[in-house]
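Visitor: Hi, could you walk me through this protein in plain words? I would like to begin with one small detail and then work outwards.

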Amino acid sequence: GSEASPFATIQKGIDSASDGDTVLVADGTYTENLDIDKDIVIISENGAEKTIIDGGKITHVIGFGSSTTRDCLLEGFTVTNGGNANGDSDENAGGIKVPRGSPTLRNLIIKGNRREKWSGGGIHVTDNANPLVEGCTIKENYAEVGGGAVDVWAASIEIKNSTIENNTNGNGHSLQFQTYDAVNFKPIITINNVTIKNHSDANASSGYLLIFRECSLSVNNLTLQDINVKGNSIELNNSKGILSGLTVERDTSQNEIIKIDEGSEIDFNNLKISQCKSNDGRGIRIRNNSVVTIDTLLIEDSHWVGSGDTGISILVEESNFTLDNGKFSNIYAEGEGSALRADGSRIEISNTLVDSSYSKGYGGGMVFYQSDYVSIKNSSFIANRSVNGGGGIHVNEVDSLFLYNSTFIADSSQGGGAVELGGGKYYHLDGNVMENNYSADGAGAINLWGNDKVEIFNSKFISNKSVNDGGAIYSWNTDSLFIDNSTFNGNESTDGNGGAMTFKGDENSTLY
């Protein structure tokens with residue numbers, strides 16, 4: 001137990017130490033399964049690369065008891081070869097087990113551990129525990145059910161300044177957090193400055209990269225790189241919290257990159273998604289009465305595969321969604337709306353740019369169906385294209401839509417080069433500029449059909465063009481169309497009216 005005459009095993013040093021003591025471990029490989037239940041410091045002499053704790057594939061490598069607090073520190077080791085001796089047994093396995101305790105795990109390499117029957121190959125946390133994981137590398141671990149890297153069940157955890165790489169699972173998720181406290185949200189999942197990369201579950205039957213169930217979240221600077229899973233990359237179910245600085249690069253997963261479900265309430269700040277491609281999904285899916293706010297969003301250089309409501313950047317279903325300061329650039333969408341599609345939802349968009357994007361369906365930029373309320377302010381739609389109506393925006397059966405101080409330039413589609421508005425109760429447009437938009441069969445700027453009332457104020461229609469119908473505006477079967485204090489200049493139609501053309505088959509049609 002001295003520098004001149006050290007103990008042969010780490011466990012002997014732990015057993016001999018008292019709270020507040022330090023156990024210093026020399027270089028070497030120690031084949032042990034450690035049990036720690038006191039507030040001591042266990043630190044290697046020369047770091048994790050030179051000091052290895054090998055679990056011998058017997059059970060978990062290190063277990064922490066309920067008496068440990070953050071003052072219990074394990075620092076500078078490689079933790080490896082934890083695993084079930086018998087894959088069908090219920091005994092604990094994996095790298096590190098933390099039931100009820102709250103130790104600090106710092107500067108560890110946690111790799112090559114397995115949990116053959118249950119969850120938590122690298123780290124398994126349960127029963128109100130609350131460990132701090134700092135400066136660690138968690139890689140190449142495995143769990144059969146879920147949490148190949150990390151599994152947190154009815155507990156909290158803080159992970160910071162760490163890298164999580166190439167962990168796998170048989171039929172579950174690489175990182176799994178479930179607190180079982182959806183009412184009070186007392187356990188907190190905290191993630192700061194973490195990178196998850198190089199993850200593929202090609203051998204798994206299903207699963208996600210990262211799942212949160214009934215969690216309270218505080219996430220800051222989380223990066224996902226080179227991810228390919230058979231489910232969703234991130235899923236949030238019945239969870240609340242803030243995700244700030246989330247960056248996703250080169251994700252090619254099967255379904256959604258981010259799925260927000262079951263009444264979750266999530267605020268994003270500085271969300272970036274780039275160079276991604278779904279195989280049959282969306283960039284972000286928001287559904288089932290969730291409430292999502294994004295302040296500063298960038299989605300660029302991405303390809304979303306799938307038709308209808310599948311292959312698009314963001315899908316909102318029966319939820320509330322607010323976006324401020326967004327940018328969608330160079331999006332190829334096989335579905336409807338390269339940037340956004342909303343069904344049965346309440347939507348507020350401001351200070352957002354959609355440019356150089358394409359939809360194989362309706363809405364080169366955005367699509368809104370059967371929603372109660374849509375508001376778009378101070379936004380721009382530039383050089384977007386759709387095969388069907390609405391090169392910038394397509395709207396159908398929305399109760400109220402407000403489009404303020406927005407710009408549509410060089411958008412194009414089959415019908416409604418810039419905007420297509422149909423089947424609505426009340427659409428109000430004010431202070432918009434529509435210039436150099438093109439339609440092959442409909443209005444060059446705004447195509448209207450089957451609406452109760454449409455108002456257009458203080459707007460400019462410049463050099464828009466259509467092959468048929470109105471060069472700037474075409475209205476068919478809209479009961480009331482009001483245009484005031486607006487400018488029409490240089491619009492043209494090959495076979496229709498250069499400025500505006502209205503048509504309705506009964507005498508109740510009114511044009512003001």
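**Strands side by side**

Guide: Let us begin with one residue pair: Leu323 stands opposite Ile349 in S34. Please keep in mind that this is a predicted model, in which local features need pLDDT of at least 70, side-chain atom pairs count only at pLDDT 80 or more, and totals for chains, interfaces and linings use all residues. Residues are numbered from 1 along each chain as its sequence is written, and side-chain values use heavy atoms, with hydrogens and water left out.

Visitor: In which sense do S32 and S34 pair?

Guide: Strand S32, residues 320-333, and strand S34, residues 346-350, pair in the parallel sense over 5 bridges; strands pair if DSSP finds at least two bridges between them.

Visitor: And which residue is the bridge partner of Ile347 in S38?

Guide: The partner is Val374 in S38, a strand of residues 373-377 that pairs with S34 in the parallel sense, over 5 bridges.

Visitor: How many helices and strands does the protein have?

Guide: The protein comes to 1 helix and 58 strands, where helices (H or I, at least four residues) and strands (E, at least two) are DSSP runs numbered from the N terminus.

Visitor: OK, new topic: what box do the C-alpha atoms fill?

Guide: Taken along the principal axes, the box is roughly 100 × 35 × 35 Å. Of the 512 residues, 56% count as buried, and buried means under 20% relative accessible area, exposed over 50%, and partly exposed in between, with a 1.4 Å probe and protein chains only.

Visitor: How many aromatic pairs are there?

Guide: The structure holds 8 aromatic pairs, meaning rings of Phe, Tyr and Trp (its six-membered ring) whose centres lie within 6.5 Å; planes under 30 degrees apart count as stacked, over 60 as edge-to-face and the rest as tilted. One of them is formed by Phe461 and Phe488, and this pair is stacked because the ring centres are 4.8 Å apart and the planes are at 15°.

Visitor: Where in the chain do Phe461 and Phe488 sit?

Guide: Phe461 is in strand S51 (residues 460-462) and Phe488 is in strand S55 (residues 487-489), so the pair links distant parts of the chain, 27 residues apart.

Visitor: Are those two rings' residues buried or exposed?

Guide: Phe461 counts as buried because its relative accessibility is 1%, whereas Phe488, at 34%, counts as partly exposed.

Visitor: Which residues form an aromatic cluster?

Guide: Tyr373, Phe402, Tyr404 and Tyr426 form one aromatic cluster.
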